[in-house]
Amino acid sequence: ASPASGSAGNSEEGARMNPYAGLVSGLRAAWLSGKTRPMEYRVAQLEALGRFLDEKNQDILDVLASDMRKPPFEVEISEISICRSELNHALNNLGTWMKDEHVEKNWVTQLDSAFIRKDPYGVVLIIGPWNYPINLLLVPLIGAIAAGNCVIMKPSEISKAVEKLVAEMLPNYLDKDCFAVVTAGVEETNKLLENKFDYIFFTGSPSVGRIIMTAAAKHLTPVTLELGGKNPCYVSDNCEVQNVARRVAWGRFFNAGQTCVAPDYVLCSVEMREKLLPALREAITEFYGLNPQESPDFARIVGDKQFQRAQALLSSGRVAIGGQTDEKERYIAPTVLVDVRPEDPAMQEEIFGPILPILTVANVDEAIAFINARERPLALYAFSSCKKVLRRVLEQTSSGGFCANDTMMQMTLTSLPFGGIGHSGLGHYHGRFTFETFSHPRSALLRSAGRESLNNVRYPPYASRRLPL
Ligand code: NAD
């Protein structure tokens, strides 16, 4: 781990205590200079980020293959093209987003100008996870640049090859006075967090989210926390089981299950489970062949620790499909578990691997009660051909996002805010929402300097004053 280039000289002791102080104060000076405010500057930096994506396309595919054997097509659709479309969306709309928003006035301010200015926060910190390490670092970055901020990025140290690429290559494209990448493990990240930032955008686990929020509280720094959790997937009796199986299997086994919005477990009736199991087996074979270990389209678990954690969950209930593992390759076969009890390990934590427990419930009421008895999830899925059932699940539960009759597809719309609620996070982003996340809605009232007689009404002595009705 190393402080990023650009840190100014400190005393030796000071540098040891806070190795990032120079870097942060350098970026703060750049921000105070006003350099990042003009639209042309923001556009130039966004375009440079676009060049990074174009010119390093193959490198991005390579580093993700090296970290977790991520299939190139999955990299294209879940990392590169999402960044590309967010970037184009920001470039196409920045002028509109940046405009002052004039607001209604009262009778005393009729002659004045009142508006909301989308002010940059200043120096912001973006901390990313390892599972979509390009997307989850660069999509917030796009909004932070668009909103006129200076940014320190801290990619995950777990996806090592991506971290190296981002640290070595990305700064060559951006203005080094205003944008820096810090490579840091847990200890150094905590040192980084001792510094005062104007906004912190964190994506990762709920337990680390708590650490981030505590560190931010010391400086009263606002945060966005994009966290995880267990996303329920209710499957009602009346649905097209083959379609359900394909859509659930795709969401669960994409990126070998290491997706924050993956369906974490299925809730359905015993009858539906008996139909779903053969359909899921068929979908898995259709997607990955008879031996998924040989499929070029199935990723690996990112590290040994993560592999061992996920593998341990296979002892919950009974393996109905898959279950094979290969520690050398950090391979876990697409797996379906049945007879899992709510108190089993697989139901105590986010699975974050290619393992899908199916739990049975008698009906939709029981499914809703099961969901509401747990922490509020990032995503909630419901499958049914009956609109009434879908509406009931939507209206009687709470979650960051909801998608009916599919999984993960809610993420593809830049027009929908993406974020959690309760344990699954705080704040939201994507599209215009990312720009708004990184902008302070600053209220501005520009009063007319004359017409003092109109003001007399509010000055003391008050004895003869009457408020107009
Ligand atoms: P993590 O919380 O372990 O790590 C995330 C980041 O925090 C990394 O950069 C890491 O270096 C840093 N970090 C780790 N421990 C720290 C500590 N003690 N103090 C300070 N910083 C620390 O998460 P992860 O394992 O990288 O990612 C998996 C989690 O992220 C899952 O829970 C998943 O659901 C969640 N996630 C959420 C979203 C979302 O958009 N809501 C997206 C992807 C992943």
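Here are a few worked exercises on the predicted model shown above.

Two ground rules before we start. This is a predicted model, where local features need pLDDT of at least 70 and side-chain atom pairs count only at pLDDT 80 or more, while totals for chains, interfaces and linings use all residues. Residues are numbered from 1 along each chain as its sequence is written, and side-chain values use heavy atoms, with hydrogens and water left out.

**Exercise 1. Work out how compact the protein chain is for its 469 residues.**

Step 1: Take stock of the secondary structure. The protein chain has 15 helices and 18 strands; these are DSSP runs numbered from the N terminus, with helices being H or I over at least four residues and strands being E over at least two.

Step 2: Check the radius of gyration. It is 25 Å, close to the 23 Å from the globule rule, so the chain is as compact as a globular protein of that length. The radius is taken over C-alpha atoms, and the rule is 2.2 Å times the number of residues to the power 0.38.

Step 3: Add the box. Along the principal axes, the C-alpha atoms fill roughly 80 × 60 × 40 Å.

Step 4: Look at burial and surface. Of the 469 residues, 52% count as buried (buried is under 20% relative accessible area, exposed over 50%, partly exposed in between, with a 1.4 Å probe and protein chains only). The accessible surface comes to about 21,100 Å², and 54% of that belongs to carbon and sulfur atoms (Shrake-Rupley method, 1.4 Å probe).

Step 5: Finish with contacts, meaning heavy atoms within 4.5 Å. Among contacts with a separation of 6 or more, 71% are between residues 24 or more positions apart.

**Exercise 2. Trace the open sheet of six strands and find its edges.**

Step 1: Write down the order. It goes 5-4-3-6-7-17, with mixed pairing; two strands pair if DSSP finds at least two bridges between them.

Step 2: Pick out the edges. Strand 5 (179-181) and strand 17 (425-426) each have a single partner strand, so one side of each is left without a neighbour in the sheet.

Step 3: See what packs on the sheet. Helix 2 (residues 21-32) touches strand 3 (123-127), strand 4 (150-154) and strand 5, and its direction makes about 150 degrees with that of strand 4.

Step 4: Zoom in on the strand 17 edge. Strand 7 (residues 223-226) pairs with strand 17 in the antiparallel sense over two bridges, and E226 has G425 as its bridge partner.

**Exercise 3. Decide how strand 14 (residues 355-360) is placed: buried or exposed?**

Step 1: Count. Five of its six residues are buried, so strand 14 is largely enclosed by the rest of the structure.

Step 2: Find its partners. Strand 9 (residues 265-268) runs parallel to strand 14, joined by three bridges, with V266 opposite I358. Strand 13 (residues 335-338) is also parallel to strand 14 and joined to it by three bridges; here L337 is the bridge partner of P357.

**Exercise 4. Describe how helix 5 (residues 72-98) packs against helix 3 (residues 39-55) and helix 6 (residues 135-146).**

Step 1: Start with helix 3. Its axis lies 10 Å from that of helix 5, at an angle of about 170 degrees (axes are lines fitted to C-alpha atoms over the stretch in contact, and angles run from 0 to 180 degrees between N-to-C directions).

Step 2: Classify it. Helix 3 and helix 5 are therefore roughly antiparallel (over 145 degrees; under 35 is roughly parallel, 65 to 115 roughly perpendicular, the rest oblique). The helix 3 side of the contact includes L46, L49 and L53, and the helix 5 side includes L87, L91 and M98.

Step 3: Do helix 6. The axes of helix 5 and helix 6 come within 9 Å and cross at roughly 10 degrees, which makes the two helices roughly parallel. Among the contacting residues are I82 and E86 of helix 5, plus L138 and I142 of helix 6.

**Exercise 5. Compare the backbone and exposure of L220 and H430.**

Step 1: Take L220. Its phi is positive, about 55 degrees, although it is not a glycine. L220 is found in the loop between helix 9 (206-218) and strand 7, and it is exposed at 76% relative accessible area.

Step 2: Take H430. This non-glycine has a positive phi of about 95 degrees and belongs to the loop between strand 17 and helix 15 (432-437). H430 counts as buried, at 4% relative accessibility.
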